[in-house]
Amino acid sequence: MNTNSTICTTWCRTLVLAILTIASMSAWAQQQTIPVYDENGGLGCMMVIDDIHLSKGVVSGKRNSTVETSKTSGTSEAIGLTLTLALEDNALPKTDMVTLTPRLFTTKDSVDFPAIRLYGKWAFLALQRSGDSTSDNYGLAGNPGDVLLPASDARIPLTYSQHLPFEQWMTRAQLKLIVNQTDGCCTQYLGNARVIGEQHMILSHREILKETAAQVNHLQGRAYINFAVNKTDIRPNLGNNRNELERLNSVLDSLRQVENMQIRHIYLKGYASPEGSYKHNDFLSRGRVEALRQYLADNYNVDSALISTENEPEDWEGLRDYVLKSNLADRKKILSIIDAPGNPDKKLKLIVQQHPEAYKQLLKVVFPLLRHTDYRIDYTLTKGQDSKYTEIATDTAYIYSMSIANEPITPAFNAEPRRFSPLLALKTNMLYDLALAPNIEVEFPLSRATRWSVMAEYTNPWWRWKKLDFSYQIQEGGLELRHWFSPSCAEGRPCLSGHFWGVYGAALKYDLEYDQTGNQGEIFSAGFTYGYSWPLSAHWNLELSASLGAAFGERRHYNAEFNSTHLIYKYTKNIFYVGPTKLKFSIVYLLGKKGGTK
């Protein structure tokens, strides 16, 4: 073998190893998007998790109780986890909650960080009104150590920071993010999970001597470029993008340094996994592969005319290949769904509904590997001469681990809300207030778990203007027994909220005079009430109700003389009425006893 052949062999060996390293490495995406399923197994909302960071060291600031106990073992080291999370879509029902459980695990060991519970609007208000935080009677208070966040339907990223005592096996662990949605009755829907870990490659090499005529050679690889949610622009600082782009650039630089090498063509093909709609995945895969093409042309001195792109919205071929070679119990049935003609979205829904356990494994193992961009670089190494060279055959195996930084641990952060146990509700009917009739109502829930409450009301505009001969005097009091359609502080609803009906009784005394003519009397009434109370915040409600019933009493008509100091009664008339008796639009404030904290 001559000198030129030796140089070519050396460069080829270096080039092939670089390409195989890039093609085989799987990037750990910092940002994770996890679908959250509703009660029907369909897509309820998207949880977006970003800035995931694991660290090992001594806890800075105040330590939590879990780390303090580690002193008994002679060490105060801890492993900390920080991340941000948000719900991408405003699709979380008011009475539901989503739980995210971060879990460190190996094949032998596992430990859970405190769970994060994101609450719908009413579920969070119910949590605030649940009283003692150690109580979990209604599935709202959570378990000891849980982090409770008012996420509801907000898109604002929320910060999570927790830590656990460090154990040596954690350096070899992966991180699993487990997501579940639960309704107000504590019914858990189909769960989902993501496993995060950097994929490392172990290589073994074999040399193979080959003879070949001059021809166009192909180098193939696979790049895992991270994109922001629903975005198609390349951001070098996002996730592991900088490393991926630098590896791709090193391949191009290595090729350019090979003697008698000429790049003929670069072919890019982008793929997405079947999560989400097929139409949206087509848009994402097309836009993202085009973004990579433009990035290569702008930043790596590549003639854009040499680059062509293609996209495939969803990598169903890769999914089928995995299922075919797997030992899934439902393998044949899943293959029949994949091979059947029809809408890809419907096929994925069938897999989710009919084979939920197998789908969990596909989400964990396969789907992250289906989001990729394949590239092929066509080039020639010689100018029409035959050559002999040694090719490096590489056998690969894979191991996984998380990147854990050695640094001080961020102090634990809990966003548990202030709690109180409602003892009574104070109200005023704003319609009466507008009519210059001051009024107050007091409602007592009979217990936290009951559907019953008692409401007492009192109205007393007792005014008189002598110069105008005007009297506006009313005294009214009443009691009402109410039945709420949902139990207080249960089913994800705040206490004293929602629909209710009641029975009431009331007594009224009045004296109404205008221009020396007036009416006095007493009226007694009873009937039924129906209403609805909207929870506005932890302590405030807005209530609308109407009553139907019967009223009876007496009306005494009189004339007033001598500046209304003498009344001359003209006649008395009995009153009996059946129909609407009350209309209320009330503002409600809940008073209560503060609850404990964890």
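**Close-up views: salt bridges and nonpolar cores**

**View A. Arg293 and Glu290 sit three residues apart in helix α5, so about one helical turn separates them.** This is a predicted model, and that goes for each view below. Look for the salt bridge between these two side chains: the closest N and O atoms of Arg293 and Glu290 are 2.8 Å apart. The partners differ in how much surface they show. Arg293 is buried, at 15% relative accessible area, while Glu290 comes out as partly exposed, at 31%.

**View B. Helix α5 also holds the Asp282 and Arg286 pair.** The helix runs over residues 278-299, and because Asp282 and Arg286 are four residues apart in it, they too have about one helical turn between them. They form a salt bridge, with 3.1 Å between the closest N and O atoms. Are these two buried, partly exposed or exposed? Asp282 is partly exposed, with a relative accessibility of 22%; the cut-off for buried is under 20%. Arg286 also counts as partly exposed, at 46%, since a residue has to be over 50% to be called exposed.

**View C. Glu457 and Lys582 make a salt bridge between two strands.** Here the closest N and O atoms are 2.4 Å apart. Glu457 belongs to strand β20 (residues 452-459) and Lys582 to strand β26 (residues 566-594), so this pair ties together parts of the chain that lie 125 residues apart in sequence. Both Glu457 and Lys582 are buried.

**View D. Five charged residues join up in a salt-bridge network.** What links up here? The members are Lys427, Glu443, Glu480, Arg482 and Glu543. As a bit of background, side chains of opposite charge can pair when their charged atoms come close. Over the whole structure, a search turns up 20 salt bridges.

**View E. The largest nonpolar core brings together 29 residues.** Which residues have the most contacts inside this core? They are Met47, Ile49, Leu85 and Leu104. Seven strands each give two or more residues to the core: β1 (32-37), β2 (43-58), β3 (77-87), β4 (97-105), β6 (116-119), β8 (158-165) and β9 (174-182). That fits a familiar trend: in soluble globular proteins, nonpolar side chains tend to be buried together.

**View F. A second nonpolar core, separate from the one in View E, has 25 residues.** To find your way to it, start from Leu219, Leu255, Ala291 and Ile377, which are among its members.

How values were computed: Residues are numbered from 1 along each chain as its sequence is written. This is a predicted model: local features need pLDDT of at least 70, side-chain atom pairs count only at pLDDT 80 or more; totals for chains, interfaces and linings use all residues. Side-chain values use heavy atoms; hydrogens and water are left out. A nonpolar core is a set of buried Ala, Val, Leu, Ile, Met, Phe, Trp, Tyr and Cys residues joined through side-chain atoms within 4.5 Å. Buried means under 20% relative accessible area, exposed over 50%, partly exposed in between (1.4 Å probe, protein chains only). A salt bridge is a side-chain nitrogen of Lys or Arg within 4 Å of a carboxyl oxygen of Asp or Glu.
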